[in-house]
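Subject: Structure handover

Hello,

Here is the structure I promised to pass on. Please open it alongside this email; my notes follow below.

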Amino acid sequence: MSLVQKYEAYKNLITEIILFLALQSSLVIFLFIYDRKRQKEKYKQNIIEEKSKNLELYTQSLEKEQLKLRKFKHDYKNMIVSLRSFTSKIPELDETINKFDDYSSDYFKGQFLNQYKDLGNVENSYLKSLLISKFHAINLNETECTFECRDKIDNLTINIFDLIRLLGISIDNAIESTENQSNGKIGINIVKKNNQLLFLINNTSPSNGSVYKLMNEGYSTKQGHSGFGLSNIQEIKKKYPDNITSKYEKSDGWFKLELIIK
């Protein structure tokens with residue numbers, strides 16, 4: 001009873017101490033969780049930055065090798081012309097030179113060479129890396145592809161990762177649409193006009209599905225495909241109501257997508 005009476009006198013003080021300790025513990029737990037999350041985000045950011053540096057170095061290396069290959073192609077053609085001037089009077093040797101030229105020319109007719117020329121104008125490393133990877137996927141499908149970018153592309157008005165998502169989805173849709181076509185074609189153009197960037201992505205599309213249906217979440221003309229492509233584009237556009245507009249059109253066996261970045 002004496003002990004109970006003793007602690008009864010300090011009831012309010014004990015209650016306040018308990019509340020203080022509970023509050024302090026909650027604060028410590030919150031700070032621990034926040035710091036752990038911050039460290040995790042920092043770690044992810046470091047990984048992204050490291051990957052970006054490696055990707056940029058890889059892209060620069062590809063560009064240098066591509067430039068060397070184009071120079072070699074030019075010199076090679078000149079050497080063949082020189083050899084022909086010496087072998088024109090020797091039919092057998094001249095015929096051999098012609099066969100060798102025809103044989104080696106097959107290695108210089110690759111689509112990738114033609115696609116890669118204008119990539120030098122794409123100065124943003126993220127965008128350039130995306131295009132390189134997509135061109136590689138298109139070539140694996142043996143789909144005919146053209147690429148044109150006559151203007152320097154550097155400053156962008158929207159977050160680069162949102163732009164990468166937009167273009168990645170758009171080009172993936174074109175790849176998936178043409179991968180089973182015997183004569184599928186894809187055309188990608190980047191145009192700078194009136195302080196705007198226009199991304200034109202066209203692909204042959206024998207399907208007669210409605211464009212508006214394709215924009216609905218979950219709809220797809222491909223069996224077993226989730227169909228979230230164009231609906232995801234619509235979601236990204238909502239983040240930039242004043243910066244991004246898009247147009248879709250299906251005509252004459254082509255599906256045409258135009259993304260305008262203001």
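Two strands count as paired if DSSP finds at least two bridges between them. Keep that in mind for the sheet notes. Also note that this is a predicted model.

**Overall layout**

The protein chain has 8 helices and 5 strands. Along the sequence, the order is α-α-α-α-α-β-α-β-β-α-α-β-β. The chain holds 262 residues, and 30% of them are buried. Among contacts with a separation of 6 or more, 66% come from residues 24 or more positions apart. The exposed surface is about 18,000 Å², with 55% of it supplied by carbon and sulfur atoms.

**Strands**

Start with β1 (residues 144-149) and β2 (residues 185-193). They pair in the parallel sense, over 6 bridges. Glu144 stands opposite Lys185 in β2. Helix α6 (residues 160-178) joins β1 and β2 in a β-α-β unit, and that unit is left-handed.

Next comes β3 (residues 196-204). β2 and β3 run antiparallel, joined by 8 bridges. Ile186 stands opposite Asn203 in β3. These two strands form a hairpin with 2 residues between them. In the turn, Asn194 has a positive phi of about 50°.

**Core**

Which residues touch the most other members of the largest nonpolar core? They are Leu131, Phe147, Ile190 and Phe199, out of 37 residues in that core. Several elements each supply at least two residues, including α5 (125-140), α8 (229-239), β4 (244-251) and β5 (254-261). β1, α6, β2 and β3 do so as well. Helix α6 gives the most, with 9 residues.

Phe199 is worth a click. Leaving aside neighbours within four places in sequence, Phe199 is in contact with Leu127, Leu163, Leu167, Asn189, Ile190, Leu257, Glu258, Leu259 and Ile261.

**Salt bridges**

The count comes to 8 salt bridges. Three pairs are described here, then a network.

- Lys134 and Asp172 form a salt bridge, with the closest N and O atoms 2.7 Å apart. Lys134 lies in helix α5 and Asp172 in helix α6, so the pair ties together parts that are 38 residues apart in sequence. Lys134 is buried, at a relative accessible area of 15%. Asp172 is partly exposed, at 29%.
- Asp154 and Lys192 form another salt bridge, with the closest N and O atoms 3.9 Å apart. Asp154 sits in the loop between β1 and α6, and Lys192 in strand β2, so this pair also links parts that are 38 residues apart in sequence. Both ends are partly exposed: Asp154 has a relative accessible area of 33%, and Lys192 has 39%.
- Asp162 and Lys239 meet through their side chains in a salt bridge of 3.0 Å, N to O. Asp162 lies in helix α6 and Lys239 in helix α8, so the pair ties together parts that are 77 residues apart in sequence. Is each end buried or exposed? Asp162 counts as buried because its relative accessibility is 8%, and buried means under 20%. Lys239 counts as exposed because its relative accessibility is 53%, and exposed means over 50%.

The network links Asp118, Glu148 and Arg150 through salt bridges.

**Where to look again**

Helix α6 comes up throughout these notes. α6 belongs to the left-handed unit with β1 and β2. α6 gives the most residues to the largest nonpolar core. α6 also carries Asp172 and Asp162.

Best wishes

Note on methods. Residues numbered from 1 in each chain as written. Predicted model: local features only at pLDDT ≥ 70, side-chain atom pairs only at ≥ 80, totals over all residues. Heavy atoms only, no water. Helix = DSSP H or I, 4+ residues; strand = E, 2+ residues; numbered from the N terminus. Right-handed = clockwise from strand over helix to strand, strands pointing away. Core = buried A, V, L, I, M, F, W, Y, C linked by side-chain atoms within 4.5 Å. Buried < 20%, exposed > 50% of the residue type's maximum accessible area, 1.4 Å probe, protein only. Contact = heavy atoms within 4.5 Å. Areas by Shrake-Rupley, 256 points an atom, 1.4 Å probe, with all protein chains shown as cover. Salt bridge = Lys/Arg side-chain N within 4 Å of Asp/Glu carboxyl O.
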